[in-house]
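Colleague: Please walk me through this entry as you would for a fellow modeller. I would like to start with the terms, then go through the chains.

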Amino acid sequence: TMGLLDISFLSDLKRMNKRQVFYQFLSFGMIVSSALMIWKGLIVATGSESPVVVVLSGSMEPGFYRGDLLFLTNDLEDPIRAGDIAVFRIKGRDIPIVHRVLQVHERDDGYVKFLTKGDNNAIDDRGLYAPGQLWLEKGDVIGRAKGFVPYIGMVTIVMNDYPKFKYAVLGLLGIFVLLNREA
Amino acid sequence: MNTFLSRLNSLFAMTMTVLAGLTFCCFLSTVHHTHHSIAKLDTPSVLVRQAPDYMIGHEINDLGHMTLNIDADLNHLFNWNVKQLFVYITAHYKTEKNAFNQVVLWDKIIRRGESARLQYSRVNPKYYFWDDGFGLRGNPNVTLALQYNVIPNSGRLLNIYAEGRHVVSMPENYIKGRA
């Protein structure tokens with residue numbers, strides 16, 4: 001029960017000396033900074049500002065469902081081709097879109113314009129683009145999906161839908177890391 | 001700190017580690033597959049005309065139309081780490097305006113358990129074959145290819161070309177009206 005837990009936490013805290021408390025905070029910082037390093041390292045390795053994205057809509061079903069995880073690369077040398085799964089940003093929309101490339105036109109000088117469509121949508125994306133926008137360009141692309149893992153993104157979707165749950169989980173994790181002593 | 005909470009924590013961590021390990025093994029077990037297959041494509045009738053694309057204003061462009069014969073057996077591509085195939089036929093060609101053009105004409109989602117034997121005769125394309133200008137009429141080298149995106153249960157997302165391409169020589173004359 002909650003009461004018992006409180007007592008065990010408190011007695012744990014009492015039994016810690018200064019050195020141990022210091023150590024706990026350091027290991028907490030270690031976890032945070034290595035997570036940050038992994039994320040930034042992935043950004044450098046993939047060239048994408050957001051190398052891992054969660055699928056937020058059903059427009060690519062039955063391939064990708066809400067909560068599936070996609071790994072992106074954004075290699076500018078790798079040409080954009082029909083069938084690629086592109087993650088792109090539209091002016092005036094906060095959330096990037098994950099859709100498939102339907103049509104590509106590439107000039108001699110390397111300028112590319114392309115059109116996308118969701119597998120589960122009946123028509124192409126021109127209705128989703130900014131008013132007057134007919135094509136996407138290289139600069140709109142955050143990355144292209146090269147790897148897939150199902151379900152894991154569900155955690156972030158639940159956390160975004162229920163912010164209180166998010167703070168509860170983060171708080172609990174924080175307490176855990178700070179109080180959990182190496183046995 | 002040998003409490004209920006710490007036991008729950010280690011149980012959860014163990015479950016996640018085992019699941020992640022198994023998922024990774026599933027990916028490793030199929031990573032060597034080449035997903036090779038052979039497709040036969042043909043175009044019994046090919047037309048080209050000029051038309052306004054009302055989706056993008058009143059700009060006039062070349063619009064191609066071809067009926068498709070498709071013959072391919074993709075059943076062998078389904079191993080235990082393939083959830084779905086996204087099969088599509090592209091036309092790629094060169095024009096004066098663009099060094100590379102590629103347009104999807106037809107696609108089909110084949111989920112695990114469904115038949116992946118494609119056998120179509122004189123099927124109409126699903127999408128309009130718009131050029132970005134007037135590069136289709138008389139174009140001698142429009143190449144059709146069957147491609148598929150292999151969507152795994154977990155792993156790499158690959159786009160593969162089937163062996164066997166079909167080169168179309170577009171007609172020298174526009175047809176008039178709506179056909």
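Modeller: Happy to: a residue is buried if 20 or more other C-beta atoms, placed from the backbone, lie within 10 Å of its own, exposed at 12 or fewer, and partly exposed in between. This is a predicted model, where local features need pLDDT of at least 70 and side-chain atom pairs pLDDT 80 or more, while totals for chains, interfaces and linings use all residues. Residues are numbered from 1 along each chain as written, and chains are lettered from A and ligands numbered from 1 in the order written.

Colleague: What share of chain A is buried?

Modeller: Chain A has 183 residues. By the cut-off above, the buried share of chain A comes to 24%.

Colleague: In what order do the elements of chain A follow one another?

Modeller: Helices (H or I, at least four residues) and strands (E, at least two) are DSSP runs numbered from the N terminus. Chain A has four helices and seven strands. Read from the N terminus, the elements of chain A are ordered α-α-β-β-β-β-β-β-β-α-α.

Colleague: How far apart are the centres of the two domains of chain A?

Modeller: The bounds come from an automatic or database domain assignment. Domain 1 of chain A is made of two pieces, 16–46 and 155–179, and domain 2 of chain A covers 52–152. Taken over C-alpha atoms, the centres of domain 1 and domain 2 of chain A are separated by 31 Å.

Colleague: Which element gives the largest share of the side of domain 1 of chain A that touches domain 2 of chain A?

Modeller: Residues are in contact if their C-beta atoms, placed from the backbone, lie within 7 Å. On that basis, four residues of domain 1 of chain A meet eight residues of domain 2 of chain A. Three residues of that side of domain 1 belong to one element, helix 3 (residues 154–161) of chain A.

Colleague: How far apart are the centres of the two domains of chain B?

Modeller: In chain B, domain 1 spans 1–32 and domain 2 spans 35–168. Five residues from domain 1 of chain B and five from domain 2 of chain B make up their contact. The C-alpha centres of these two domains of chain B are 41 Å apart.

Colleague: How much of residues 12–31 of chain B is helix?

Modeller: UniProt, in an unreviewed entry, marks residues 12–31 of chain B as "transmembrane region"; its positions are given in the numbering used here, feature names are shortened, and annotations may be inferred rather than shown by experiment. In the model, the end C-alpha atoms of residues 12–31 of chain B are 29 Å apart. Strand makes up 0% of that span, and helix makes up 90%.

Colleague: How far apart are the end C-alpha atoms of residues 21–39 of chain A?

Modeller: UniProt's unreviewed entry gives residues 21–39 of chain A as "transmembrane region" too. In the model, residues 21–39 of chain A are 100% helix and 0% strand. The end C-alpha atoms of residues 21–39 of chain A lie at a separation of 28 Å.

Colleague: How many charged residues are on the side of chain A that touches chain B?

Modeller: The contact draws 30 residues from chain A and 32 from chain B. Helix 1 (2–15), strand 4 (97–106), strand 7 (141–149) and helix 4 (163–179) of chain A each give at least two residues to the chain A side. Ala, Val, Leu, Ile, Met, Phe, Trp, Tyr, Cys and Pro count as nonpolar, Asp, Glu, Lys and Arg as charged, and the others, Gly among them, as polar. The chain A side has 13 nonpolar and seven polar residues, and the charged number ten.

Colleague: Which residue is the bridge partner of His105(A) in strand 6 of chain B?

Modeller: Two strands pair if DSSP finds at least two bridges between them. Strand 4 of chain A and strand 6 (residues 100–111) of chain B run antiparallel and are joined by four bridges. Within strand 6 of chain B, His105(A) is partnered by Asn101(B).

Colleague: Why do strand 1 and strand 7 of chain B each have one side without a neighbour in the sheet?

Modeller: Their open sheet in chain B has three strands in the order 1-4-7, paired antiparallel. Five bridges join strand 4 (residues 68–73) to strand 7 of chain B, and Leu68(B) stands opposite Val123(B). Strand 1 (39–42) and strand 7 (117–123) of chain B are at the edges, so one side of each lacks a neighbour and each has a single partner strand.

Colleague: Is Leu41(B) buried or exposed?

Modeller: Leu41(B) sits in strand 1 of chain B. Beyond neighbours within four places in sequence, its contacts include Leu68(B), Ile89(B), Leu144(B) and His166(B). With 20 other C-beta atoms within 10 Å, Leu41(B) is buried.

Definitions and conventions: Two residues are in contact if their C-beta atoms, placed from the backbone, lie within 7 Å.
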